[in-house]
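Reader: I'm new to reading protein models and would like a close look at one part. Could you pick a helix and walk me through what surrounds it?

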Amino acid sequence: MNAFDYRAPRSLDEALAILGEYGEDARVVAGGTALVTMMRQRLVQPRCLVSLRDVPGLERIEANGGLRLGALVTHREAEISPLVRERLPVLAETFRRVASVRIRHMATVGGALAHGDPNQDPPVTLLALEATVEVRGPRGARGILVAEFFRDYYETALEPGELVTAVTVPSLPAATGAAFLKFLPRTADDYATVAAAAIVTLEPDGARCREARIALGSVGLTPLRATSAERLLAGEALGEGLLQAAGEAAKTAVDPLSDHRGSAAYKREMTGVMVGRALGQAWEAARRAQARP
Ligand SMILES: Cc1cc2nc3c(=O)[nH]c(=O)nc-3n(C[C@H](O)[C@H](O)[C@H](O)COP(=O)(O)OP(=O)(O)OC[C@H]3O[C@@H](n4cnc5c(N)ncnc54)[C@H](O)[C@@H]3O)c2cc1C
């Protein structure tokens, strides 16, 4: 690993000034779980690491109508937070499924977004939840929908000198259920072969779907929404045939890479299976939510 300067600013303004000073030679470091590996492999050779650990406020989980998770919240904190578990259990479950507990204690919410790895789990559920990434840069603050944040393979909408400060997640409507499923046939702490998040909102009659959202991970250059499958569900009643049709439609939305987690054809096939299962679970959860007084 190359020698580098290490800076630990105490405010966001100070962090932005250091990023400006070093330009492309600086890298933000959060949990370091991805960055340190990339540095060891000399895939990146920053002259300066800018740690966010001493910047106050980035470690907070807050209720703001929905939820707001600061960039430095660790995966483990998101997993066990009573607030996240109560408001958006699907998000806590998603963080629980990441890697091992050791990694989850280090990896952060901001790192999971900024890294832009299409095999990560949290971006899938955040995409389905229609969350917004909060960003600060030399020209001020802006919010970017997760749907617009991932641009290409390991490429995000972050401009030079910008950093992720938080992600905000709207709350779910009434009579809504959600599920996150991760298919990983090798080991329990592996990246997904296919990951699927589904959200189902029921009509007041409880029998038909008003709206469905489906997001997928590990099956394209970015996490993606299966909108053609979503459209099939609106106004329909749950049935095995419908879940199968949605799974078939989702298969047309993906463009997986063949790798040691499976061939492209296998991942496409498993996409259909996982979408059907995730929708079935989300639908059941929606029914339970609707039955609650
Ligand atoms: C063995 C292993 C297994 C894993 N398995 C999984 C898995 O199954 N599922 C899963 O979802 N994840 C998994 N991960 C975690 C994931 O791949 C990333 O390592 C992690 O999300 C990165 O978070 P971090 O805080 O450690 O980021 P860092 O390593 O600190 O940074 C990663 C990148 O993001 C940038 N960055 C970090 N924070 C910010 C910020 N606030 N603003 C701007 N840029 C920033 C850095 O400059 C760097 O480019 C695994 C990691 C390891 C090491």
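Author: Here is a walk around helix H12, with a short stop at helix H1 afterwards. Keep in mind that this is a predicted model. H12 covers residues 264-291, and it packs with H11, residues 240-251, their axes 8 Å apart and at an angle of about 135°. The two are therefore oblique to each other, and their crossing is right-handed. So who touches whom? From H11 come Leu242, Leu243, Ala246, Gly247, Ala250 and Lys251. H12 brings a list that includes Arg268, Glu269, Val275, Leu279 and Trp283. Sort the residues of this contact by type and you get seven nonpolar, five polar and three charged.

Now slide along H12 to Ala285, which lies in this helix. Ala285 is buried, because its relative accessible area is 14%, and the cut-off for buried is under 20%. Setting aside neighbours within four places in sequence, Ala285 is in contact with Thr176, Gly177 and Ala178. Its C-alpha atom is also 8.6 Å from that of Ala175, even though these two are 110 residues apart along the chain.

For another helix, look at H1, residues 12-22, whose buried residues are Leu12, Ala15, Leu16, Ile18, Leu19 and Tyr22. Down the axis of H1 they fall within an arc of 160°, so they line one face of the helix. Why can spaced-out residues share a side? An α-helix has 3.6 residues a turn, so residues three or four places apart point the same way. The buried residues of H1 pack against several strands, among them E1, E2 and E3, while Asp13, Gly20 and Glu21 are exposed on the other side.

Methods: Residues numbered from 1 in each chain as written. Predicted model: local features only at pLDDT ≥ 70, side-chain atom pairs only at ≥ 80, totals over all residues. Heavy atoms only, no water. Axes fitted to C-alpha atoms, helices over the stretch in contact; angles between N-to-C directions. Helix = DSSP H or I, 4+ residues; strand = E, 2+ residues; numbered from the N terminus. Parallel < 35°, antiparallel > 145°, perpendicular 65-115°, else oblique. Left-handed = near helix turned anticlockwise from the far one by under 90°. Contact = heavy atoms within 4.5 Å. Nonpolar A, V, L, I, M, F, W, Y, C, P; charged D, E, K, R; others polar. Buried < 20%, exposed > 50% of the residue type's maximum accessible area, 1.4 Å probe, protein only. Arc of directions from axis to C-beta.
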